[in-house]
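Below is a short note for a colleague on the model shown next. The points are ordered by topic, from the backbone to the interior and then to the aromatic rings.

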Amino acid sequence: MTKALLLINCLILLIGNCGAPLMMRLYFLHGGKRVWFSSWLETGGWPIILFPIVSAYLHRRWTQPQHGSKTKLFSIKPRLFMAAAAIGLLTGLDDYLYAYGVARLPISTVCLIIASQLAFTAGFAFLLVKQKFTSYSINAVFLLTIGAAVLALHTSSDRPANESNKEYVVGFLMTVAAAVLYGFILPLVELMYKKAKQQLSYALVLEIQLVMCFFATAFCTVGMLINNDFKAIAKEAREFGLGETKYYVVVTLTAILWQCFFLGAIGIIFCSSSLLSGIVIAVHLPIVEVLAVIFYKERFQAEKGVSLALSLWGLLSYFYGEMKHSKKKKPTAQTQMPITVPSRMESTV
């Protein structure tokens, strides 16, 4: 069940991580200008999570009739609620940093910068949850980080038209900051799981997702109110390059796809670790880059090619190390069985 759940969350993350950045960039390419509104969309679809939570509640009612009316819709306790709320506020800040970067940079460049997030995830995972590393995982993190750093050599080579060099550099730095912050958030979620002091289930993970996204959305709502974004949405929709109807389709799909991203990310942490969640996110980034080149006709310079090659090399290194490590564990278990079983029988006799 754990492996099946892990696979499901990887697929959910694949859908969200590949689709959400492209939809967000589509918003900016065709006349969208509201960064706070775009960041709000990253977690604004949180009511969607209520459907699986209610389904899990009804399932508990049907399968545990002895509890009856004592069955609660929400099982999250105050301690865990407060921790999820605090992480949610950090997520709201990360939403804004990321949305600002997407508004200023080509999506292929954004993806390669976000690849450096894995290095920060690994570092914070080591500090917060005592993540163990192998030579292969260290090599993977190093290559992915170097691959992202290559982009800094010619940061202005893919600067969009009608955008100043200053705006491009600020967008670049904002995206790096988003990578650092989310690299901290992933291990923080894992630490929250470890310190929860209540039995974790996937239904509880959904509740944590709901709380985190609610407070992240509240953070972005304050920014929207200050920036008067709510008043500008109707006008922006009328002036949208693809038409008013498609404007609302784009923003709705963006909100849904980002929910897939966040649910997949914290679901993988629940099934495995924050490091694996960061690695799976990094695995999808080359796919997004290729899709951006195909659909948005973005340029793919030599720096991006080198960065992509280093990223793929790093990912192959990590998975090769994991396969080698798992093969070592299986023979060990098999050779120990004939030794331990007879000894127990002899001691019984």
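1. A residue is called buried when its relative accessible area is under 20%, exposed when that area is over 50%, and partly exposed in between. The model discussed here is a predicted one, and the classes of burial used below follow these cut-offs. Lys 197, with a relative accessibility of 68%, therefore counts as exposed.

2. Lys 197 deserves a look at its backbone as well, since its phi is near 60 degrees, a positive value in a residue other than glycine. Most residues other than glycine have a negative phi. Lys 197 is placed in the loop between α8 and α9, the latter helix covering residues 202-226.

3. Which residue in the loop between α9 and α10 may be set beside it? Asn 228 has its place there, ahead of α10 (229-238), and although Asn 228 is not a glycine, its phi is positive, at about 60 degrees. Its relative accessibility is 41%, so Asn 228 counts as partly exposed.

4. Turning to the interior, the largest nonpolar core contains 74 residues, and the members that touch the most others are Tyr 98, Ile 107, Val 189, Met 192 and Ile 208. For Ile 208, once neighbours within four places in sequence are left aside, the contacts are Ile 76, Leu 80, Ala 84, Met 192 and Tyr 193. Another core, of 11 residues, lies apart from the largest one, and its members include Ala 140, Val 141, Ala 282 and Leu 315. As general background, nonpolar side chains in soluble globular proteins tend to be buried together.

5. How many cavities of 30 Å³ or more are counted? The count comes to two, and the largest cavity holds about 170 Å³ of space. Its lining is made up of 17 residues, with Tyr 98, Ile 114, Gln 117, Trp 258 and Phe 261 lying nearest the centre. By class, the lining residues of the largest cavity divide into 13 nonpolar, two polar and two charged.

6. Several helices contribute to that lining: α1 (2-29), α4 (78-104), α5 (107-114), α8 (165-194), α11 (244-271) and α12 (274-296) each supply at least two residues. Gln 117, one of the residues nearest the cavity centre, lies in helix α6, residues 117-129. Its relative accessibility is 5%, and Gln 117 therefore counts as buried. With neighbours within four places in sequence left aside, Gln 117 is in contact with Ala 179, Tyr 182, Gly 183, Leu 186 and Ile 281.

7. The aromatic rings give a count of 21 pairs. One of them joins Phe 37 and Trp 40 in a stacked arrangement, 6.3 Å centre to centre and with 20 degrees between the planes. Because Phe 37 and Trp 40 are three residues apart in helix α2 (residues 35-43), they are separated by about one helical turn. Phe 37 counts as buried at 6% relative accessibility, whereas Trp 40, at 22%, counts as partly exposed.

8. Tyr 247 and Tyr 248 form an edge-to-face pair, with 5.3 Å from centre to centre and 90 degrees between the planes. Tyr 247 is buried, with a relative accessible area of 0%, while Tyr 248 counts as partly exposed at 36%. Both pairs belong to one aromatic cluster, formed by Tyr 27, Phe 28, Phe 37, Trp 40, Phe 240, Tyr 247 and Tyr 248.

Conventions: Residues numbered from 1 in each chain as written. Predicted model: local features only at pLDDT ≥ 70, side-chain atom pairs only at ≥ 80, totals over all residues. Heavy atoms only, no water. Core = buried A, V, L, I, M, F, W, Y, C linked by side-chain atoms within 4.5 Å. Buried < 20%, exposed > 50% of the residue type's maximum accessible area, 1.4 Å probe, protein only. Contact = heavy atoms within 4.5 Å. 1 Å grid on protein atoms, 1.4 Å probe; cavity = no way out; pocket = protein on both sides within 12 Å on 5 of 7 lines; lining within 4 Å. Points joined across faces, edges and corners; volume = space filled by probe spheres on them. Helix = DSSP H or I, 4+ residues; strand = E, 2+ residues; numbered from the N terminus. Nonpolar A, V, L, I, M, F, W, Y, C, P; charged D, E, K, R; others polar. Phe/Tyr/Trp six-rings, centres within 6.5 Å; stacked < 30°, edge-to-face > 60°.
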